[in-house]
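Biologist: I should like a close examination of one part of this model, namely its salt bridges. Please begin with a single pair, and then place the remaining pairs and some other local features around that pair.

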Amino acid sequence: MILAAETLTLQLGGLDIALLVIYFTFVIGIGFALKRLVTTSVDFFLSGRSLPAWVTGIAFISANLGAIEILGMAASGAQYGISIVHYYWIGAVPAMIFLGIVMMPFYYGSKVRSVPEYLVRRYDRKTHLVNAIIFVLSSILIAGVNLYALAAVLDVLLGIPLPIAVVVSALFVLSYILLGGLTSAIYNEVMQFFVICAGLIPIVIVALNEVGGIEGLFQKLSVTGPNFTHPWSGLEFGGDNPIGDWVGLVFGLSFCLSFGYWTTNFAEVQRAMSAKDDNAARLTPIIGSYPKIIIPFAIVIPGMAAVLLLPGIGESGGLPYNDAIPGLMNKYLPTGVLGVAITGLLAAFMAGMAANISSFNAVWTYDIWQNYIRPGRPDRYYLQVGRYTTIAGVFVGIGTAFLAAGYSNINNYIQTLFSFFNVPIFLAFIVGMFWKGAGRSSGFWGMLVGTLTSFGIFVLYQFGVLPFRSDLGENQWAAIIAFLVGLVAMVIATRFSEPKTDEELEGLVYGRQTYVVAAAPTERAGGIAALVKSPVALGAMSLALCVVAYVYIELVN
């Protein structure tokens, strides 16, 4: 039960604890079972490029189901209402489909080992170095968010002081990544995806039952105003929807932030790069888009229900928004079911942290250590560097975990990080792929100026110089402005730096492809099997389902 106004304490029975022990045993067991398969650096960082699409697709979405989703999006549901579904249906899903259809042929076909490695081929070494540094910094910061959330739940479960819980959690994630590398992380993410689902389904059922179903929920919350229950209400200029306006949503969220995250974040792209062939790589993010459509019903809707079921949430003397899901689990789930639900939470946080650490060690080893510090060493040397980097990354993540502690809604913190880091990187990628005349140094200046612009807007907002409706609104407009200012910087830089020749751009820009992603045999055969194997067909169906989801939300209102 909830014992104090600002402190959530969960009471676990023997069955709950047994379920947790079984889960952690399986996680470590997967690491030991896969350890013998890791003999090269490609095995450790990219699973030997051998995994089927269904495995990489589930791992792709599971890697994203960390603290950002489970705690952050539920917290945003409680704070902002149904408008948060835009972060899924016009934000994430279109970007995931774009990655699969447009960008994965470049990543996988060119056989780059990381996202930054593309930039050194397209631009120059300083562009590559800046991208690699920005990525390792953002990976550690985001890994810290998941680590903080994991430790906070352990603190609630076992009463372990938060600093100790952070260290214990970090060491546990470290153990199975060290044992089996990316393969261990991916197969754990597949298992964790189903554990997460098993943990969330009971709380969705119970919460909706308590409020009279989705229709009852929307009816009861309608007294707070239309913005809370109608996703498109108040988004016009001069409107009052706190998540922003339609320009910020379409261009800031859907294009700059979401495309920036899903198409250039190596923590996600790494899963697709581990696929066994070109078609499997393209299918990976598109397969992941289908669960992404459903996730709001399992996270945002319970977060909204918490407003009714956990009185005072987000207010002085009440639980913070981040406790929406744990608070509902604790209040309504019986012994055994509570164990499954808490296991799902821990699985989500572990998946998110493991994704960021496994991508961090690959970029640091391949893009920084091998390129700039110790080039030309044997492969086994870089395998060992990857293992040591994993250890270092986890311990740095311990330090960054406490930065997230100052946010009552960690989704606001995460979106701020995305506007700093992901948008300028996406700018360099998208311009470089479609404008072959972009100069060699233009990517460097675009990323540098874009990052500084985004950070400057954030500082001005914090000091009240620039007014925005909310932190999320600031993130969206900061992304738009950073993209445009960075683009101007790229155009100016191109006037002072020579573009690469057509021969140097072979396979790196549209119109200069040197490879063709071959169609799978079933695609050539036609029929239902062709649809299942076709990225374009599956992507179109995913977008259609997003439209259906929006229509459903309007109907239940």
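Modeller: In this predicted model, the side chains of E117 and R121 form a salt bridge, with an N to O distance of 3.2 Å. Both residues belong to helix α6, which spans residues 115–122, and they stand four residues apart, so that about one helical turn separates them. In general, an α-helix has 3.6 residues a turn, and residues three or four places apart therefore point the same way. The two partners differ in their exposure class. E117 is buried because its relative accessible area is 10%, under the 20% cut-off. R121, at 33% relative accessibility, counts as partly exposed.

The search of the whole structure finds four salt bridges, and two others can be set beside the pair in α6. K436 and D502 meet through their side chains in a salt bridge of 3.5 Å, N to O. This pair links distant parts of the chain: K436 is in the loop between α17 (410–434) and α18 (442–462), D502 is in the loop between α19 (471–495) and α20 (521–525), and the two are 66 residues apart. K436 is partly exposed at 41% relative accessibility, and D502 is partly exposed with a relative accessible area of 30%.

R440 and E504 also form a salt bridge, in which the closest N and O atoms are 2.8 Å apart. R440 lies in the loop between α17 and α18 and E504 in the loop between α19 and α20, so this pair ties together parts that are 64 residues apart in sequence. R440 has a relative accessible area of 29% and is partly exposed; E504, at 34%, also counts as partly exposed.

Helix α17 offers a further long-range relation. V431 lies in this helix and counts as buried at 10% relative accessibility. The C-alpha atoms of V431 and L487 are 8.2 Å apart in space, although the two residues are 56 residues apart in sequence. A second relation of this kind involves I140, a residue of helix α7 (residues 125–158). I140 is buried at 6% relative accessibility. Its C-alpha atom is separated by 9.0 Å from that of I398, which is 258 residues away along the chain.

Polar contacts of another kind may be considered next. R282, in helix α13 (residues 278–309), makes a side-chain polar contact with the side chain of N279 at 2.6 Å. R282 counts as buried, with 14% relative accessibility.

Helix α11, residues 246–264, bends by about 35 degrees at L253. At the N-terminal end of α11, D245 acts as a cap: a side-chain oxygen of D245 lies 3.1 Å from the backbone nitrogen of V247. The helix is mostly covered, since 15 of its 19 residues are buried.

The cysteines may be treated briefly. C256 is buried at 3% relative accessibility, and C546 is likewise buried at 3%. A disulfide is, in general, a covalent bond between the sulfur atoms of two cysteines. With a cut-off of 2.5 Å between cysteine sulfur atoms, the count of disulfides comes to zero.

The nonpolar surface remains to be described. V167, L171, Y388, I391 and F395 make a nonpolar surface patch of about 460 Å². Helices α8 (162–211) and α16 (379–401) each supply at least two residues of this patch, and α16 gives the largest share, three residues. I391, one of the patch residues, is placed in α16. The relative accessible area of I391 is 31%, so I391 is partly exposed; patch residues must have over 30%, and I391 therefore meets that cut-off.

To return to the salt bridges, the pair E117 and R121 lies within helix α6, whereas K436 and D502 link distant parts of the chain. R440 and E504 likewise tie together parts of the chain 64 residues apart.

Methods:
Residues are numbered from 1 along each chain as its sequence is written. This is a predicted model: local features need pLDDT of at least 70, side-chain atom pairs count only at pLDDT 80 or more; totals for chains, interfaces and linings use all residues. Side-chain values use heavy atoms; hydrogens and water are left out. The bend at a residue is the angle between axes fitted to the seven residues ending there and the seven starting there. Buried means under 20% relative accessible area, exposed over 50%, partly exposed in between (1.4 Å probe, protein chains only). A polar contact is a pair of N or O atoms within 3.5 Å; within protein, one must be able to donate a hydrogen and the other to accept it, and residues adjacent in sequence count only if both atoms are side-chain atoms. Patches are made of residues with over 30% relative accessible area and no salt bridge: like charges are joined within 9 Å, nonpolar side chains (Val, Leu, Ile, Met, Phe, Trp, Tyr) within 5 Å. Accessible areas come from the Shrake-Rupley method with a 1.4 Å probe; for residues, only the protein chains shown count as cover.
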